[in-house]
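Me: I am new to this structure and would like to go through it in questions and answers. Please keep the answers short.

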Amino acid sequence: MTEITIRRPDDWHVHLRDDAMLEAVLPFTARQFGRAIVMPNLAAPVTTPAMAADYRRRILQALPDEKAAENFIPLMTCYLTDDTAVNDIQNGYADGVFAAAKLYPANATTNSAHGVTDITRLEPVFAKMQEMGMPLLLHGEVTDPAVDIFDREAVYIDQVLTPLIEEFPTLKIVMEHVTTKDAVKFVRAHKGQMAATITAHHLMISRNDIFAGGIRPHRYCLPIAKREVHRLALREAATSGDSCFFLGTDTAPHPIDDKEAACGCAGIFTAANALELYTQVFDEENALDRLEGFASLHGPAFYGMDANEGSVTLVKENWRVPGTIAVPDGSSVHPFRAGETLNWKLKN
Ligand code: DOR
Ligand code: ZN
């Protein structure tokens with residue numbers, strides 16, 4: 001196959017940031033995807049419907065042109081804290097401002113300092129979400145520094161997720177950016193109630209790649225890439241046709257100076273070539289016939305939405321990923337696989 005056309009896909013996990021960075025990265029996502037679940041971890045987290053409506057306005061204003069404005073819808077999320085009010089969740093969802101709520105365990109990752117320290121305080125919120133059918137999006141890692149960083153997802157499943165789904169058996173849960181065979185198995189076992197997003201980078205790199213010939217800050221993200229056996233489990237899950245797995249890039253742009261630092265921050269920027277990366281993986285796995293399900297159908301079905309109208313076409317053609325991407329404030333971002341050749345190209 002040298003050309004593939006699929007229904008216009010969605011990205012169910014995106015960091016768009018704000019201001020100059022938003023302006024720099026948004027056109028990439030809007031060009032490829034019909035909708036994107038926008039993460040709420042701004043420097044001042046998006047915790048209320050009013051903040052989400054404001055942020056949505058800023059995103060719509062930052063769209064590059066008419067075509068993007070016609071074809072792209074940002075879906076907003078609520079950043080859960082220990083103090084999230086049931087009313088805000090209820091009104092935000094009922095008014096169509098919030099598509100979902102995101103749970104960051106406090107200090108699990110970038111801009112999560114205001115995250116949840118005590119999950120039991122959110123029980124009334126979860127009860128309301130369960131009643132309304134509002135999805136809960138989880139950053140599924142424990143934050144106990146005594147737990148090895150490579151085990152934090154698996155320990156979260158045992159310590160937090162298992163009791164959570166027992167208490168709320170019909171709460172819709174998306175385990176975001178799964179990185180382990182344990183998560184794949186758990187999500188499959190709770191299919192219907194649960195789903196998972198899978199990033200392009202976790203399909204492409206294992207933990208060895210973070211240290212290939214030296215330390216590679218642009219391959220550092222959270223959850224961190226795991227052993228090869230886990231990467232292979234993710235490739236199997238993504239390409240299996242199983243509807244509980246769908247596309248979510250977790251594209252997370254940071255200025256290069258913040259990544260190439262003594263304490264470099266977590267996040268991999270994949271928006272510039274997201275669909276091409278996934279298509280390459282599906283091609284390598286001889287599963288191009290399953291790309292559309294993963295990219296365009298399973299996500300909306302889980303969220304209770306229609307699939308997008310329209311389509312995108314990719315052609316098998318080598319192209320070189322640029323070395324850097326400029327941000328209007330003078331900084332720049334390093335795209336995943338910068339300077340390397342990819343063999344599928346989005347046509348439009
Ligand atoms: O690597 C990551 N970067 N993981 C996250 O969970 C957050 C993200 C970011 O916002 O930079
Ligand atoms: Zn994320």
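Me: Which side chain meets Arg231 in a salt bridge?
Reply: The model is a predicted one. Arg231 lies in helix H10 (residues 228–239), and its partner is three residues away in that helix, so about one helical turn separates the two. The N to O distance is 2.8 Å, and the partner is Glu228.

Me: Is Arg231 buried or exposed?
Reply: Buried means under 20% relative accessible area. Its partner Glu228 is partly exposed, at 35%. Arg231 has a relative accessible area of 15%, so Arg231 is buried.

Me: Which residue forms a salt bridge with Glu284?
Reply: Glu284 is in helix H12 (residues 274–284) and the partner is in helix H10, 49 residues apart, so the pair links distant parts of the chain. Glu284 is partly exposed, with a relative accessible area of 45%, whereas the partner is buried, at 6%. The closest N and O atoms are 2.6 Å apart, and the partner is Arg235.

Me: Which residues are joined into one network by salt bridges that share partners?
Reply: By the rule used here, the count comes to 14 salt bridges. Some of them share partners, and the residues joined in this way are Arg188, Lys191, Glu236 and Asp242.

Me: What is the N to O distance between the side chains of Arg57 and Asp54?
Reply: These two residues are three apart in helix H2 (residues 49–62), so they are separated by about one helical turn. Arg57 is partly exposed at 46% relative accessibility, and Asp54 is partly exposed at 36%. Their side chains meet in a salt bridge, with an N to O distance of 2.6 Å.

Me: Which residues are the protein donors of the zinc ion (ligand 2)?
Reply: Along the chain the donors follow the spacing H-x1-H-x234-D. They lie 2.1 Å from the zinc ion, and they are His13 (NE2), His15 (NE2) and Asp250 (OD).

Me: How many residues apart in sequence are the parts that His15 and Asp250 tie together?
Reply: Both His15 and Asp250 are buried. His15 lies in the loop between strand E2 (11–14) and helix H1 (19–32), while Asp250 lies in the loop between strand E9 (245–247) and helix H11 (256–259). The pair therefore ties together parts whose separation in sequence, in residues, is 235.

Me: Which residues touch the most other members of the largest nonpolar core?
Reply: The largest nonpolar core has 100 residues, and those touching the most other members are Leu80, Phe126, Leu136 and Leu161.
The largest share of this core, seven residues, comes from H1. Apart from it lies another core, of 14 residues, with Tyr79, Ala99, Val174 and Phe302 among them. To come back to the residues asked for, they are Leu80, Phe126, Leu136 and Leu161.

Me: Where does helix H6 bend?
Reply: Helix H6 (residues 152–167) has 16 residues and reaches 22 Å from its first C-alpha to its last, close to the 22 Å expected. Its bend is about 40 degrees, and Pro163, a proline, follows within four residues. The place of the bend is Leu161.

Me: Which residues does Leu161 touch, not counting residues up to four places away in sequence?
Reply: Leu161 is one of the buried residues of H6. The buried residues of this helix pack against several elements, including strand E7 (173–175), helix H7 (181–189) and strand E8 (194–198). With residues up to four places away in sequence left out, Leu161 touches Leu138, Tyr156, Ile173, Met175, Phe186 and Met194.

Me: Is Asn273 buried or exposed?
Reply: Asn273 lies in the loop between H11 and H12. Leaving out residues up to four places away in sequence, Asn273 touches Gln32, Trp319, Val321, Phe336 and Leu342. The relative accessibility of Asn273 is 0%, so Asn273 counts as buried.

Me: What separates the C-alpha atoms of Arg337 and His218?
Reply: Arg337 lies in the loop between strand E12 (332–333) and strand E13 (341–347), and counts as partly exposed at 21% relative accessibility. Not counting residues up to four places away in sequence, Arg337 touches Met204, Leu277, Val321 and Leu342. Arg337 and His218 are 119 residues apart along the chain, and their C-alpha atoms are separated by 9.1 Å.

Methods
Residues numbered from 1 in each chain as written. Chains lettered and ligands numbered in written order. Predicted model: local features only at pLDDT ≥ 70, side-chain atom pairs only at ≥ 80, totals over all residues. Heavy atoms only, no water. Donors = N, O, S within 2.8 Å, 3.2 Å for Na, K, Ca; no water. Buried < 20%, exposed > 50% of the residue type's maximum accessible area, 1.4 Å probe, protein only. Core = buried A, V, L, I, M, F, W, Y, C linked by side-chain atoms within 4.5 Å. Contact = heavy atoms within 4.5 Å. Expected span 1.5 Å × (residues − 1). Bend = angle between axes of the 7 residues up to and from the residue. Salt bridge = Lys/Arg side-chain N within 4 Å of Asp/Glu carboxyl O.
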